[in-house]
Every structure is written in C-alpha cells, then in structure tokens.
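I opened my notebook with a plain plan: look things up one by one and write down what I find. Come along and check each entry against the picture.

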Amino acid sequence: MNELIVQKALRGAMGTINLDVNTTLKKGDLTVLFGKSGAGKSTILKMIAGLMEPSNGKIVINDEIWFDKNKKINLPPQKRKVGFVFQDYALFPNMSVKENLEYALDDKKKKTKVDEILEITELSALAKEKPQTLSGGQSQRVALARALVREPKILLLDEPLSALDFAMRSKLQDELIKIQHYFKLTTILVSHDISEVYKLSNYVLELEEGQIKKQGTANEIFGGNTISGKFKFSGEIVDIQASDIVFVVSILVGQDVIKIVSSKDEVENFRINQRVIVSSKAFNPLIIPQ
Amino acid sequence: MFEDSFIQTMMLTFKLAGITTIILLFIGIPLGYYLGFTQTKIKPVIEAIVSMPLVLPPSVLGFYMLVFFSPKNSFGLWLDETFDLRLVFSFEGLVIASIIFSLPFMVHPLQSGFSSIPKNLSQAAYTLGKSKIDVLFNVLLPNMRPAILTGVVISFAHTVGEFGVVLMMGGNIAGETRVASIAIYDEVEALNYDLANQYALTLFVISFLILLSVYAINKHFLRAKI
C-alpha cells in the first residue's frame, strides 16, 4: 500500500496556496500528476523524496512509513528508496555516464548491475561520455538509468520529457512504458501534456491550487463522458479572433491547431488557455489517407 | 646573483603565503558551504564580519591584533603561559594575522561557487542515498574547481602583497617576520633603491604570472564545462 496525505501552505508567485492532498497509489501503477505550473505537483514529489517536509500528513510507500507527523517520523532522503528524475536531469557534470550510475550504487561491488542497466536503457555505447556531450534525450535516459540503479521502491519523474522535441518525446514515452513494466515500479509522473497522460497513465490526479480537483483514468478526466459525439478531442484554446460577425476559435489539439467558427454568445464563455473538448456529431468525419 | 637576505625574505614571503592559503582552504570550505546554503537570519552579520578586512585599514586590524595578542593582555598572557606561544612579532602571529586578513578572498569565491551549483545536483545525490559529506567531496567540490582555484590563488597573492597588518603585527625581523613588501619599504627608507627595485620587480612579475595562470586555467575549465 502507498498512502499519500500531505498538507502545507506554499508561497509562490501567485500568492499562497494550500497544498492538501489525500490519496492512495496502487502498487505498480503509473500515476500522473496533472495540472498547471504552480499547482504543487513538483512539491509533492519533493515531499515523497524527503527533500521538503509537509507541515502535516503521512507518507507510506511500500508499507513503510516514510513520514508521519503524528508519530514524529521523518526519514531523511538518504533513507528513502526513491528514484528521482529531475526536469533538468541533474546529472553530475564531473562524472561520466557510467560513473553517474556507479555513484548511485549502495554497494560498490555490484558493478554488474550498472552494466545491466546500461544495457537495458541502450546506453552502453555512451558509458564513457561526460553529461555535457549528451543530447537531451540521452541525458534523460541516463537520469532514468541512474534512478533505477538505486532499486527504488517508487519512481518519481518530474516532467522528464518536457524539454524534448515531439519525436524524441514519443520514443522515450515508449521506453518509459517498457521500463516501468519490466521493473513493475510504482511511478508518479508530473506532466501537463494530455497526450502523454493518455499514453502513459493508469491513473490521473488533477491538481488545482494544491487540491485534487479530479481523479480517475485519463479517459474519465479528459474524455468528457457526458457528451456522446462521433468524434471528440480535448484541446486548449490558443486564440480567439473576430472575423466579420463570427469568431474563429483556434484550439490546439495534440500538435495541431484546429480552427472552429463560433458565435458571439459562445465566445463569451471562452478564454485563452481554457481546456475544452472539441466534439462533433452531426457530420460523419471523413478519414483521408495521406 | 641574489643576496642571501633577498632569497631568505622571498622564501619567508612564500612560506607565509603558502601556509596561510592551506589553512584558509580548510577554514574557507566549511565557512563558504555554510554561507552558501544557510537560511539563518544572522547570515548578513557573518558575511559582514568575514568581509571586514576588505574595507578596514590594515593598520586598524594590525593594531587590534597587536593589543589582543600582547602578553600584557590576558588572552596573550594565557597563550604564552599555556602553549608557550607568542604571537606578537613572530612568524606564527603573522600566519594568524594573514589568515584573518585574507579570509574574504578565500571565502567569497568559495561561497559563490557553492551557491552557483544547481540545487538539483545535491538533491539528486541525497535521493541516491549519499550523505552531505559524501556530496560535498564527490559532487560539490569537483564541480566548482574554478572557484577553488580562484580562492586559493587570490588568497596566496593577497598574502604575498599585504603590508600594513604584517608591519603592525610582525615588525621587521629578518628571517622571522620580514616579508618582501616590508623589505621594499625598509630598503627605500635606507635609500637602497636598487634592492627595493629587485623586490618590487620580483613581486610585480610573480603577481602577474599568478593572475595570468588563474585566468588561463579558468578559461579552460569553463570551456570544458560547455
């Protein structure tokens, strides 16, 4: 069982928000923390890793109590077996790829484990390289490999793919799925990319200003089950332009922008950056091979 | 080609600077680490104390040390009776004075070195189960070599160049407390311009070479990083 109950008042750029989360994580699941920046997603990861102390709550990972305010338990980060992959990878510039992985070993004699993980993550050819010579995708893989060397009880991924281009991100998402299944690791991924959430998650926690706004599968959260449509996509409004007597609303769906004509009354309810579902039922959409 | 007294003075100068720098490194690393990471409210107070030698006239510092360490004073007397240590007009005293006087030149580069390392690096190391000491030696210090080099060299060069504190605390005892900068003053007073010039030119050239090597090596370090 993994239990996550944390509370803390967070001071950020948008003023103070009250982080208040109470949830359980299923063993072996990949749970996505979804939400705007400043909603407290990264903070939750840091609390699980022991890098930040909640003012109240309880963190139980793999039936082991890592934090319990009432019982005054607060394990230091060194005693918590987490695999933390930072957004900027945090590779040690003074060590080669292999040395980065070896540094993560508790027992320096287990060097074969490093070779094994280098093999699984297809990094053997880069073993002697220094981090500054690696591309973004390679750095990300090294950071993940280093986290795996630690044999973590939980894998914490803080937007690890956000700095990569679309093709690389897609490839690494596939690898992440493979690795997560291989090690059967309970994983928390912070993301604000809906397609990524769909692809990777077993479960989604949507955070807004420190509170869980919705939770469920990706479909339950983004699918909008209440509408029955022939086709529907979730996207984000990026632009609203007046054009004669109508308005053209541009919506970003995945990597594409869809332009939809809308009336003045409808537009009044829309704002830029709002998340919406684009749905159509009157016409059968055409599928044209490219 | 050089007189014995010249060699002796120069050797003493570098011995003083070398010992001072080594001791300062051991003081500067923990102090820089503390100042780089602490969130204590009294940080400005500590920073101000460390930086005092930058703005105080050396003679002020020298004067107070002279009074403080004098055997006529209770602390000086205690040192004398307990450790048989006389810091006034002695080489040991010069070392202590130089450490205090060059402290900011070691602490400042180290402090900014520590705080310029992304926090994520040490946090990543903590999540890998590494202790703070382990992280200091394996992650922080190896990634701030330019800062360490700058601190070491500037402290060394500054100790070579100090005058006021040394004059107040050490006086001018050949082979014990007469360093190059004092010798220049001494020779000029004796209208011995040739010897003064020999000292001055030597210091001039050495200072330039030291700084040149720092900038050249740091450029190499910085390029290697990118």
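**Entry 1: the largest cavity**

How many nonpolar, polar and charged residues does the lining of the largest cavity have? I should say first that this is a predicted model. I looked up the classes and found 5 nonpolar, 1 polar and 2 charged residues. The names in this lining are A:Gln140, A:Arg141, A:Leu144, A:Leu161, A:Leu172, A:Glu175, A:Leu176 and A:Ile179. I noted a volume of about 50 Å³ for this cavity.

Next I asked which elements supply the lining. Helices α4 and α5 (166-183) of chain A each give at least two residues to the largest cavity. The most come from α5(A), with 4 residues.

**Entry 2: the second largest cavity**

I then checked how many cavities of 30 Å³ or more there are, and the count is 2. The second largest has a volume of about 40 Å³. Its lining consists of A:Ile120, A:Thr121, A:Glu122, A:Arg141, A:Glu175, A:Lys178 and A:Ile179. I sorted these by class and got 2 nonpolar, 1 polar and 4 charged residues. Here, too, α5(A) gives the most, with 3 residues.

**Entry 3: two positive phi angles**

One residue from that lining, A:Glu122, made me look at the backbone. Phi of A:Glu122 is near 55 degrees, which is a positive value in a residue that is not glycine. I found A:Glu122 in the loop between α3 (111-120) and α4 of chain A. Why does A:Glu122 count as partly exposed? Its relative accessibility is 48%, and partly exposed runs from 20% to 50%, so A:Glu122 falls in that range.

A:Glu159 also has a positive phi without being glycine, near 40 degrees. I located A:Glu159 in the loop between β8 (154-158) and α5 of chain A. Is A:Glu159 buried or exposed? With a relative accessible area of 10%, A:Glu159 is under the 20% limit and therefore buried.

**Entry 4: a serine in a helix**

I picked A:Ser139 next, and I found it in helix α4 (residues 136-149) of chain A. A:Ser139 has a relative accessible area of 7%, so it is buried. What does A:Ser139 touch, leaving aside its neighbours within four places in sequence? I wrote down A:Tyr89, A:Leu91, A:Pro131 and A:Leu134 as its contacts.

**Entry 5: over to chain B**

I turned to B:Ala17, which lies in helix α1 of chain B. Its relative accessibility is 0%, so B:Ala17 counts as buried. Leaving aside neighbours within four places in sequence, B:Ala17 is in contact with B:Phe156, B:Thr159 and B:Val160. I also looked up B:Ala17 and B:Gly161: they are 144 residues apart in sequence, yet 9.3 Å apart in space, C-alpha to C-alpha.

That led me to helix α8 (residues 145-161) of chain B. Does its length fit, or not, with 1.5 Å a residue? The 17 residues should span 24 Å, and the end C-alpha atoms are 24 Å apart, so the two values agree. I listed the buried residues of α8(B) as well: B:Pro146, B:Ala147, B:Ile148, B:Gly151, B:Val153, B:Ser155, B:Thr159 and B:Val160. A reminder to myself on reading such a list: an α-helix has 3.6 residues a turn, so residues three or four places apart point the same way.

**Entry 6: a pocket in chain B**

I looked up the second largest pocket and noted a volume of about 580 Å³. It is lined by 19 residues, and those closest to its centre are B:Phe37, B:Lys119, B:Gln123, B:Tyr126 and B:Lys132. Helices α1 (4-37), α5 (91-116), α6 (119-127) and α7 of chain B are the elements that give two or more residues. Of these, α6(B) gives the most, with 4 residues. By class, I wrote down 9 nonpolar, 7 polar and 3 charged residues.

**Entry 7: how confident is the prediction?**

Last, I checked the scores. The model has an ipTM of 0.80 and a pTM of 0.80. Chain B has an average pLDDT of 89, and 97% of the residues score at least 70. Where in chain B is confidence lowest, and where is it highest? It is lowest in helix α4 (residues 74-83) of chain B, with a mean of 83, and highest in helix α7 (residues 132-140) of chain B, at 95. I keep one rule in the margin: where pLDDT is low, the predicted coordinates should not be read in detail.

Definitions and conventions:
Residues numbered from 1 in each chain as written. Chains lettered and ligands numbered in written order. Predicted model: local features only at pLDDT ≥ 70, side-chain atom pairs only at ≥ 80, totals over all residues. Heavy atoms only, no water. Expected span 1.5 Å × (residues − 1). Buried < 20%, exposed > 50% of the residue type's maximum accessible area, 1.4 Å probe, protein only. pLDDT = per-residue confidence, 0-100. Contact = heavy atoms within 4.5 Å. 1 Å grid on protein atoms, 1.4 Å probe; cavity = no way out; pocket = protein on both sides within 12 Å on 5 of 7 lines; lining within 4 Å. Points joined across faces, edges and corners; volume = space filled by probe spheres on them. Nonpolar A, V, L, I, M, F, W, Y, C, P; charged D, E, K, R; others polar.
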